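This briefing covers a set of side-chain contacts and one strand pairing. The points are grouped by topic.

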Amino acid sequence: MHIAVIGAGVVGVTTAWVLQQRGHTVSVIEPQSAAGMETSKANAGQRSYGYVYPWASPAMIGKALPWLLSADGPLKMKQPPSLSTLRFLWDTWRFARKPGLFEANKVAMLKLAAYSRQCFIELEQQHPFDFSGGHRGLMELASNAKSQQGLRENAALLQRLGIEHQMLEPDEVYSVEPGLARNPPILGALHLANDGTGDCHQFTQALAELCAEQGVTFHYGQSVAEVITDAGKPVALTLTRANEPGAVEQLEADAFVLCAGVASSDLGRQFGLKLSLYPVKGYSLTAALINPEKAPQSSVIDDQFKVVATRLNDRLRVTGFVELADFNRDIPARRLATLKRAIDLRFPGAADLDTAEAWAGFRPMTPDGPPAIGKGPADNLFINTAHGTFGWTLSAGSANIVGQLVDGEQPAVELDAFRPGRF
């Protein structure tokens with residue numbers, strides 16, 4: 001069967017790989033000139049299988065205003081907010097207030113993440129290419145009693161689901177992360193020893209090369225202009241090139257997989273699918289290490305700034321902020337200054353932040369939080385998109401689930417929380 005995958009971010013490329021390995025002929029359509037050039041480019045570097053959660057959290061409602069008013073707060077919003085921003089916030093508020101939904105969605109996402117870890121390990125064992133990655137764990141710090149209580153509650157859920165974790169005392173924290181500054185003090189941390197790291201951009205491009213070697217065709221620099229249907233069923237795509245307005249190509253396929261990240265909402269409408277998602281903006285700095293002994297060993301989440309520090313071999317990736325600004329790509333100096341302050345607090349002198357490479361990208365976020373994974377309105381349309389903050393983490397698992405759905409198999413994970421048509 002010939003399958004067209006729309007999108008060559010980490011989710012699209014892993015999906016293409018799985019489908020090719022299952023014996024299908026695969027074509028990938030990507031507007032950018034190469035794979036992994038949008039949200040996959042410079043994200044946090046975490047494969048946080050034990051640290052996934054829905055966006056629509058009841059606890060976030062009470063925190064939103066203080067975060068917005070704080071200069072270094074993790075939540076930002078462009079003023080005045082657009083109608084799309086207000087609509088997304090309204091939908092988030094509705095989902096956050098629905099009894100039991102956050103807890104059910106979190107459990108579903110953790111189960112998908114655990115499956116994704118298994119899929120990643122199998123892939124890495126079969127094809128051990130370098131992407132500055134490993135499975136040396138993730139640590140979330142607690143610098144006050146409230147943060148510590150939140151970690152304990154999360155640990156109780158992990159315990160119930162059988163996900164390996166450990167609550168650490170301060171001396172144990174410094175044993176795992178010896179580069180962590182002793183001042184300001186911490187009360188402890190939640191350690192997820194099986195979580196992973198890696199440069200998502202390197203991984204996506206390396207896997208895309210492997211896909212191409214195995215026969216996957218990549219249509220780089222091409223966009224979907226039209227979905228051609230027959231009796232309500234997609235049968236072909238009209239592709240155009242941004243720099244060649246007159247260049248039009250038609251690509252026929254037996255099935256289609258939508259993996260287009262923040263572009264999925266507009267493309268979904270062409271397939272007759274209503275998807276609700278918003279481009280939640282995040283920022284990162286990538287810096288060369290100048291004192292590796294002072295750097296994190298793996299991935300550390302600071303509870304004060306809500307900033308993630310991840311080691312990628314001889315580099316440090318610093319990531320933070322949840323900004324609601326539609327598709328504004330500006331990188332304000334004050335955002336980068338906050339990221340630098342967070343690292344100077346926890347890992348002072350570890351990296352050359354003055355020459356760090358700055359980046360901003362858009363996470364495709366649904367208003368409730370879980371991604372959209374499953375069948376579309378037509379029986380030959382499959383959806384694998386809107387993974388929000390956790391696309392890198394969930395990509396291997398969701399790709400394998402799409403492969404199972406395409407081949408008519410029972411999916412490895414219950415998909416009710418991820419239904420594409422739930423909006």
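Within helix 3 (residues 83-96), Asp 91 and Arg 94 sit three residues apart, so about one helical turn separates them. Their side chains form a salt bridge, with an N to O distance of 3.1 Å. The model is predicted, and the structure holds 15 salt bridges.

**The pair in helix 3**

- Asp 91 has a relative accessible area of 15% and is buried, because the cut-off for buried is under 20%.
- Arg 94 has a relative accessibility of 40% and counts as partly exposed.
- The salt bridge of Asp 91 and Arg 94 therefore joins a buried residue to a partly exposed one.

**The pair Asp 199 and Arg 315**

- A salt bridge connects the side chains of Asp 199 and Arg 315, at 2.9 Å from N to O.
- This pair links distant parts of the chain, as Asp 199 and Arg 315 are 116 residues apart.
- Asp 199 belongs to the loop between strand 8 (196-197) and helix 7 (200-213), while Arg 315 is in strand 17 (residues 315-324).
- Asp 199 counts as buried, with 4% relative accessibility.

**Arg 22, Asp 407 and Glu 409**

- Arg 22 and Asp 407 form a salt bridge in which the closest N and O atoms are 2.7 Å apart.
- Arg 22 lies in the loop between helix 1 (10-21) and strand 2 (25-30), and Asp 407 lies in the segment after helix 10 (391-406), so the salt bridge ties together parts that are 385 residues apart in sequence.
- Arg 22 counts as partly exposed at 30% relative accessibility.
- Asp 407 likewise counts as partly exposed, at 31% relative accessibility.
- A network of salt bridges links Arg 22 and Asp 407 with Glu 409.

**Strands 11 and 12**

- Strand 11 (residues 233-241) pairs with strand 12 (residues 244-252) in the antiparallel sense, over six bridges.
- The two strands, strand 11 and strand 12, make a hairpin, and two residues lie between them.
- Thr 240 has Val 248 of strand 12 opposite it.
- In a regular strand, side chains alternate between the two faces of the sheet.

Definitions and conventions. Residues are numbered from 1 along each chain as its sequence is written. This is a predicted model: local features need pLDDT of at least 70, side-chain atom pairs count only at pLDDT 80 or more; totals for chains, interfaces and linings use all residues. Side-chain values use heavy atoms; hydrogens and water are left out. A salt bridge is a side-chain nitrogen of Lys or Arg within 4 Å of a carboxyl oxygen of Asp or Glu. Helices (H or I, at least four residues) and strands (E, at least two) are DSSP runs, numbered from the N terminus. Buried means under 20% relative accessible area, exposed over 50%, partly exposed in between (1.4 Å probe, protein chains only). Two strands pair if DSSP finds at least two bridges between them.
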